[in-house]
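These are my notebook entries on a single protein chain. I set down what I looked up, in the order in which I looked.

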Amino acid sequence: MGKHYLPREYLRGFAESDEWIYQFYKESEKVPRIRIRDAAQERDIYADEIEKYLAEVVEGPANKVLKKLREGNGIGTNDKLILAIYLIVLGSRVPLAKQ
């Protein structure tokens with residue numbers, strides 16, 4: 001199994017249920033229903049240290065903000081900063097950004 005370039009918690013926002021999502025494959029135009037744990041990942045996309053940093057420093061705080069938003073709660077200035085950093089990092093994690 002590879003490492004997620006889109007965080008699981010982010011993907012849950014698009015999920016049909018807690019653990020299932022549809023993933024579009026551009027080459028074949030297929031759209032299979034797959035488990036979130038298997039979606040948006042690639043083997044050896046970045047080192048374990050980077051994965052750990054992203055999980056602890058970027059994703060952890062942002063997951064709390066995403067939860068607030070999904071529950072319909074407002075977010076404050078600090079939450080907006082956390083979310084902005086998260087979204088910037090999200091765009092730089094995808095395989096195309098590495099090219």
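**Entry 1. The loop between β2 and β3**

I began with E29, which at 61% relative accessibility counts as exposed, since the cut-off for that word is over 50%. I note here that the model is a predicted one. I located E29 in the loop between β2 and β3. I then checked the backbone and found that E29 has a positive phi of about 60°, although it is not a glycine.

I next looked up V31, which is found in the loop between β2 (20–22) and β3 (33–35). Is V31 buried, partly exposed or exposed? I recorded V31 as partly exposed, because its relative accessibility is 45% and the class lies between the limits of 20% and 50%. I also asked which residues join V31 in a nonpolar surface patch. Y22 and F24 do so, and I noted an area of about 320 Å² for the patch of the three.

**Entry 2. The overall fold**

I then stepped back to the whole chain. I counted 4 helices and 4 strands in the secondary structure of the protein. Reading along the sequence, I wrote down the pattern β-α-β-β-β-α-α-α. I found that the C-alpha atoms fill a box of roughly 40 × 30 × 20 Å along the principal axes.

For the surface, I noted an accessible area of about 6,900 Å², with 53% of it belonging to carbon and sulfur atoms. Of the 99 residues, 27% count as buried. I also looked up how far apart in sequence the contacting residues are. Among contacts with a separation of 6 or more, 55% are between residues 24 or more positions apart.

**Entry 3. The nonpolar core**

In soluble globular proteins, nonpolar side chains tend to be buried together. I therefore looked for the largest nonpolar core under that general rule. I found that this core has 19 residues, and that L6, L11, I21 and Y86 touch the most other members. Which elements give two or more residues to the core? I listed α2 (48–70) and α3 (77–93). The largest share, 5 residues, comes from α2.

I followed Y86 further. Leaving out residues up to four places away in sequence, I found Y86 touching P7, Y10, V58, E59, A62 and L66.

**Entry 4. E59 and G60 in helix α2**

E59 was on the contact list of Y86, and I placed E59 in helix α2. Is E59 buried or exposed? I entered E59 as buried, because its relative accessible area is 12% and the class requires under 20%. With residues up to four places away set aside, E59 touches P7, L54, Y86 and R93. I note that P7 is a contact of E59 and also of Y86.

G60 is likewise placed in helix α2. I entered G60 as partly exposed, its relative accessibility being 24%. Beyond its neighbours within four places in sequence, G60 is in contact with L54 and A55. I also looked up the spacing from G60 to A47: the two are 13 residues apart in sequence and 18 Å apart in space, C-alpha to C-alpha.

**Entry 5. Salt bridges**

How many salt bridges does the model contain? I counted 6, and I looked up several of them one by one.

I found the side chains of R12 and E9 meeting in a salt bridge at 3.3 Å, N to O. Both residues lie in helix α1 (residues 8–12), 3 residues apart, which is about one turn of the helix. I recorded R12 as partly exposed at 27% relative accessible area, and E9 as partly exposed at 25%.

R37 forms a salt bridge with D38, and I noted 4.0 Å between the closest N and O atoms. R37 is partly exposed, with a relative accessible area of 41%, and D38 is partly exposed at 34%.

I found a further salt bridge between the side chains of K67 and E71, at 3.8 Å, N to O. K67 counts as exposed, with 51% relative accessibility. Lastly, I traced the bridges that share partners, and these join E9, R12, E19 and R70 into one network.

Conventions:
Residues are numbered from 1 along each chain as its sequence is written. This is a predicted model: local features need pLDDT of at least 70, side-chain atom pairs count only at pLDDT 80 or more; totals for chains, interfaces and linings use all residues. Side-chain values use heavy atoms; hydrogens and water are left out. Patches are made of residues with over 30% relative accessible area and no salt bridge: like charges are joined within 9 Å, nonpolar side chains (Val, Leu, Ile, Met, Phe, Trp, Tyr) within 5 Å. Accessible areas come from the Shrake-Rupley method with a 1.4 Å probe; for residues, only the protein chains shown count as cover. Buried means under 20% relative accessible area, exposed over 50%, partly exposed in between (1.4 Å probe, protein chains only). A nonpolar core is a set of buried Ala, Val, Leu, Ile, Met, Phe, Trp, Tyr and Cys residues joined through side-chain atoms within 4.5 Å. Contact means heavy atoms within 4.5 Å.
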